[in-house]
Amino acid sequence: MILSVSAVLLFGVASLFAIRSRATNVLAAAVVFLFGFYAAASGMAGPINDLMASVAHTLAQMRA
């Protein structure tokens with residue numbers, strides 16, 4: 001049985017591990033960068049943009 005894992009999932013898990021372990025090296029930065037790059041190129045880009053716009057709108061309303 002062949003297991004297929006998307007690059008977004010793979011780099012997402014690696015990013016989570018790097019952040020949780022507080023790794024501060026070039027490899028950890030590259031993993032987080034690649035996760036963002038692949039997430040932006042996937043179908044997740046639209047919902048992520050919508051979520052961030054909603055958060056920004058909510059924060060703006062709270063300050064007003």
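**Close-up views of a three-helix model**

**View 1. The overall dimensions of the protein.** The protein has a radius of gyration of 15 Å, whereas a compact globule of 64 residues would have one near 11 Å; the radius is taken over C-alpha atoms, and the globule rule is 2.2 Å times the number of residues to the power 0.38. This is a predicted model, in which local features need pLDDT of at least 70, side-chain atom pairs count only at pLDDT 80 or more, and totals for chains, interfaces and linings use all residues. Residues are numbered from 1 along each chain as its sequence is written, and side-chain values use heavy atoms, with hydrogens and water left out.

**View 2. The helices along the sequence.** The protein has three helices and zero strands, where helices (H or I, at least four residues) and strands (E, at least two) are DSSP runs numbered from the N terminus.

**View 3. The two sides of helix α2.** Helix α2 covers residues 26–40, and its end C-alpha atoms are 21 Å apart, which agrees with the 21 Å that its 15 residues should span at 1.5 Å a residue (the expected span is 1.5 Å times one less than the number of residues). Ala28, Val31 and Ala39 of α2 are buried, meaning under 20% relative accessible area, while exposed means over 50% and partly exposed lies in between (1.4 Å probe, protein chains only). These buried residues lie on the same side of α2, because they cover an arc of only 60 degrees around the axis, judged by the directions from the helix axis to the C-beta atoms. On the other side of α2, Val26, Phe33 and Ala40 are exposed.

**View 4. Leu59 in helix α3.** Leu59 lies in helix α3, which comprises residues 45–63, and is partly exposed, with a relative accessible area of 47%.
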